[in-house]
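Student: Please take me slowly through one part of this structure, and then show me how that part fits with the rest. I am new to it, so a connected account would help me more than a list.

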Amino acid sequence: MENSQVTLLDGLGIVEKRGFAIYEQVLEGMCNSDNISSLLRDLVCDMELDTKEMVFASYVVGKLSSMQEEEMARVIMLRDLKNLAQDIVDNAENNS
């Protein structure tokens with residue numbers, strides 16, 4: 001029997017790309033504000049989250065909130081590196 005892994009996104013029926021967008025918005029919001037209630041409210045309004053997406057966003061907030069400061073710093077560094085890499089790709093495409 002094949003071993004298959006079901007992710008939270010799969011279980012909630014959320015497309016992976018949408019899940020990553022929600023994750024990035026949660027991370028950005030947590031970097032800019034300590035008020036989790038306001039962050040979740042803004043996500044619902046700005047991204048028009050449905051109930052399943054709100055469950056996922058709440059899960060991500062909980063996971064990020066429970067991280068040690070060093071772990072969170074690594075997550076933020078990876079996000080910044082990803083953004084830098086995307087900027088380099090975008091500049092290369094614009095200069096072609």
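Tutor: A residue is called buried when its relative accessible area is under 20%, exposed when that area is over 50%, and partly exposed in between (1.4 Å probe, protein chains only). What you see is a predicted model, in which local features need pLDDT of at least 70 and side-chain atom pairs count only at pLDDT 80 or more, while totals for chains, interfaces and linings use all residues. Residues are numbered from 1 along each chain as its sequence is written, and side-chain values use heavy atoms, with hydrogens and water left out.

Let us take helix 5 as our part, where helices are DSSP runs of H or I with at least four residues, numbered from the N terminus. Helix 5 covers residues 69–94, and its 26 residues reach 37 Å from the first C-alpha to the last, close to the 38 Å expected at 1.5 Å a residue (the expected span being 1.5 Å times one less than the number of residues). The residues of helix 5 that are buried are M72, V75 and R79, and these pack against helix 2 and helix 4, with contact taken as heavy atoms within 4.5 Å.

R79 deserves a closer look, since at 16% relative accessibility this arginine counts as buried. Leaving aside its neighbours within four places in sequence, R79 is in contact with L27, E28 and C31, and C31 is itself partly exposed, with a relative accessible area of 32%. From G11, which is 68 residues away along the chain, R79 is separated by 25 Å between C-alpha atoms.

R79 also takes part in charge pairing: D80 forms a salt bridge with R79, their closest N and O atoms being 2.9 Å apart, where a salt bridge is a side-chain nitrogen of Lys or Arg within 4 Å of a carboxyl oxygen of Asp or Glu. D80, at 37% relative accessibility, is partly exposed, whereas R79 is buried. E28 joins these two residues, and together E28, R79 and D80 are linked in a network of salt bridges.

A little further along helix 5, K82 pairs with E24, with the closest N and O atoms 3.1 Å apart. K82 lies in helix 5 and E24 in helix 2 (residues 16–32), so this salt bridge ties together parts that are 58 residues apart in sequence. Both partners are partly exposed, K82 with a relative accessible area of 41% and E24 with one of 35%. The structure holds five salt bridges, and another of them joins the side chains of R41 and D42 at 3.9 Å, N to O, with D42 partly exposed at 36% relative accessibility.

Now we can set helix 5 within the interior. The largest nonpolar core (buried Ala, Val, Leu, Ile, Met, Phe, Trp, Tyr and Cys residues joined through side-chain atoms within 4.5 Å) has 19 residues, and those with the most contacts inside it are I22, V26, L43, F56, A57 and L64. The elements that give two or more residues to this core are helix 1 (8–12), helix 2, helix 3 (36–47), helix 4 (51–65) and helix 5, and helix 4 gives the most, with five residues.

Helix 4 therefore makes a useful comparison: seen down its axis, its buried residues fall within an arc of 140° and line one face of the helix, the arc being that of the directions from the axis to the C-beta atoms. Those buried residues are E53, F56, A57, V60, V61 and L64, and they pack against helix 1, helix 2, helix 3 and helix 5. Among them, F56 is in contact with L8, L9, L12, I14, G19, I22 and Y23, leaving aside its neighbours within four places in sequence. Helix 4 has 15 residues and reaches 21 Å from its first C-alpha to its last, close to the 21 Å expected.
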